[in-house]
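Grab a pencil and work through a few short exercises on the structure below. Each one comes with a worked solution.

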Amino acid sequence: MWNCSCCKLGLFGIKGSLLHGGKLKDPGWLNKHAAEYLEEFKQAQEHLSVPPWQSNGNVWRPPPQSLFKLNFDATIFKESNSSGFSAIIQNEQGEVMAALSTIGPTVTCSEEAETMACRKTLEFAVDAGFSKLVVEGDNANVMRAVSSSTPNMSMLGNVIDDIQFLLCGLRRASTSRIKRGGNRVAYVLARHTNEL
């Protein structure tokens, strides 16, 4: 009966090699390469993973289980008279599920840019099929307005209404403000929209 010990003993003329893909391969060679590929895979996973969560408010923290976190940001490019919006959606393990980086319209101030970015990125999340979201932005005024139940009478009131309407259409939603350090990925994505 043929088995690995027969190969090692040199029976059937194979002399310690296995046939794979039309070529004889030594089992030691195969084991060595499998170990190398496994190590390469582990190293790649370490580079892709999000760093460990820290307790201060300057670091991104994962959403509760079964929810996704939408971080958004905006930037203004004065030289080109435009803005840039970005979003990143991550699961509870920090894995990126979707991302957006797009050029926005001309805006008058950072609060307008952040409000427009919130609406655009929330529309993106809904279109991508996300229905359970924690929405985080780093502009305190925008996040306060979005979370408020009081009608917003500012020039951005209609946009705030749109955002609240989108949030109400989700199965589960919450909003919060995060410091710039915890919103770093969205910030960097927004800065790169000028290159689009």
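Three exercises follow, each solved step by step.

This is a predicted model, where local features need pLDDT of at least 70, side-chain atom pairs count only at pLDDT 80 or more, and totals for chains, interfaces and linings use all residues. Numbering runs from 1 along each chain as its sequence is written, and side-chain values use heavy atoms, with hydrogens and water left out.

**Exercise 1.** Work out whether Ser83 is buried or exposed, and what its side chain meets.

- Step 1: find Ser83 in strand 4 (residues 82-90); strands are DSSP runs of E, at least two residues, numbered from the N terminus.
- Step 2: its relative accessible area is 1%, so Ser83 is buried (under 20%; exposed is over 50%, partly exposed in between, 1.4 Å probe, protein chains only).
- Step 3: a polar atom of the Ser83 side chain lies 2.6 Å from the backbone oxygen of Pro105.

**Exercise 2.** Check the length of helix 5 (residues 157-168).

- Step 1: take 1.5 Å times one less than the number of residues; for twelve residues that should give 16 Å.
- Step 2: the end C-alpha atoms are 16 Å apart, which agrees.

**Exercise 3.** Classify the pair formed by Phe68 and Phe130.

- Step 1: ring centres must lie within 6.5 Å; planes under 30 degrees apart are stacked, over 60 edge-to-face, the rest tilted.
- Step 2: with 5.0 Å centre to centre and 75° between the planes, Phe68 and Phe130 are edge-to-face.
- Step 3: Phe68 lies in strand 3 and Phe130 in the loop between helix 3 and strand 6, so the pair ties together parts 62 residues apart in sequence.

How values were computed
A polar contact is a pair of N or O atoms within 3.5 Å; within protein, one must be able to donate a hydrogen and the other to accept it, and residues adjacent in sequence count only if both atoms are side-chain atoms. Helices (H or I, at least four residues) and strands (E, at least two) are DSSP runs, numbered from the N terminus. Rings of Phe, Tyr and Trp (its six-membered ring) pair if their centres lie within 6.5 Å; planes under 30 degrees apart count as stacked, over 60 as edge-to-face and the rest as tilted.
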